[in-house]
Amino acid sequence: MAVFMPELPDLEVFKTNVYGRLASKRLVGLEIFNPKKVFAAKKTLTDDLVGRDLTCINRVGKELFFDFGDRRVIAAHLMLNGEISVVAEEAASEIKFKIFSMRFECDTVVFSDKGSLCTIKYMPVSGKAPDAFDEAFTFDYFSGAVRGKQRANIKAFLIDQSVVKGIGNAYVDEILWAARISPHSLAGKIPEDKLKELYNAINDVLRGAVDSIKRISPDIISGEERSFLKVHNRAIKKTETGYPIITERIASKITYYTEEQAVYV
């Protein structure tokens, strides 16, 4: 099975489902299992958070923000193999490769990662780039970012988290296919009308993916549900439009696309 780093649609569903289990629950304890991946001292976290209620879980880019109010936020980045488990306290000890855990009144949330890449931060500082679902991610912003990086490969441009947060390899392929723009294109060479199509495809593809994941795997909080993808999908050889899917390394990423996507160079 292919392994995917969770991207915006996955994390949107994860946050809803995890919060559904932990909503307004009080934190009663926490443990650090891999100090190299938890960027805060246990004493600081314990003093600041234990005894507080979880007010919400937000998502910014590829991170989940566990908010305990008064700017006291735990940020989790799952990276490639990170997993979230919500289990009874006695079951938490059975989970392998643990990074960090938070024990609530009824359940314990455990972050684990067999590759030890998952990171936990406290009171993170957000960068300047908007999230793909942020109101600040307007077409004016998007086109301005393109003008600033005209020679950039369009796939590398869309993956760049300093341009827009939350989009990764798989969904860039889906977005470019939806807009019928080749991943070999240069950002600054894409005509204005096609750039607008690309911008609209970002929202349409990502929101459509959230809906698909909820429909197919309504309770998912880790792992992947990508069976519905239309081009970045090892299980299919042709798109619904009948074009063979080409696989090639572009912008240092395994890329899926078709010849129906126009090249702008």
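**Close-up 1. An open sheet of five strands, in the order β2-β9-β5-β4-β3.** In this predicted model, the pairing within the sheet is mixed. At the edges sit β2 (38-39) and β3 (56-60), each of which pairs on one side only. As a reminder for reading this view, strands of a sheet pair through backbone hydrogen bonds, either parallel or antiparallel.

**Close-up 2. The pairing of β3 with β4 (residues 63-67).** Here we zoom in on one pair of neighbours. Strands β3 and β4 run antiparallel and are joined by five bridges. Which residue of β4 stands opposite Cys56? Look for Asp67, which faces Cys56 from β4.

**Close-up 3. Two helices lying across strands of the sheet.** Helix α1 (residues 8-22) lies across β3 and β4, and its direction is at about 175° to β3. Helix α2 (residues 42-49) lies across β2, β5 (73-77) and β9 (119-122). The angle between α2 and β9 is about 55°.

**Close-up 4. Tyr243 in the loop between α7 (192-216) and β10 (246-250).** Is Tyr243 buried, exposed or partly exposed? With a relative accessible area of 35%, Tyr243 falls between the 20% limit for buried and the 50% limit for exposed, so Tyr243 counts as partly exposed. Apart from neighbours within four places in sequence, Tyr243 is in contact with Lys237, Lys238, Thr258, Glu259 and Glu260. If you would like a distance to check, try Ser185: this residue is 58 residues from Tyr243 along the chain, and the two C-alpha atoms are separated by 19 Å.

Technical notes:
Residues numbered from 1 in each chain as written. Predicted model: local features only at pLDDT ≥ 70, side-chain atom pairs only at ≥ 80, totals over all residues. Heavy atoms only, no water. Helix = DSSP H or I, 4+ residues; strand = E, 2+ residues; numbered from the N terminus. Buried < 20%, exposed > 50% of the residue type's maximum accessible area, 1.4 Å probe, protein only. Contact = heavy atoms within 4.5 Å. Pairing = 2+ DSSP bridges. Axes fitted to C-alpha atoms, helices over the stretch in contact; angles between N-to-C directions.
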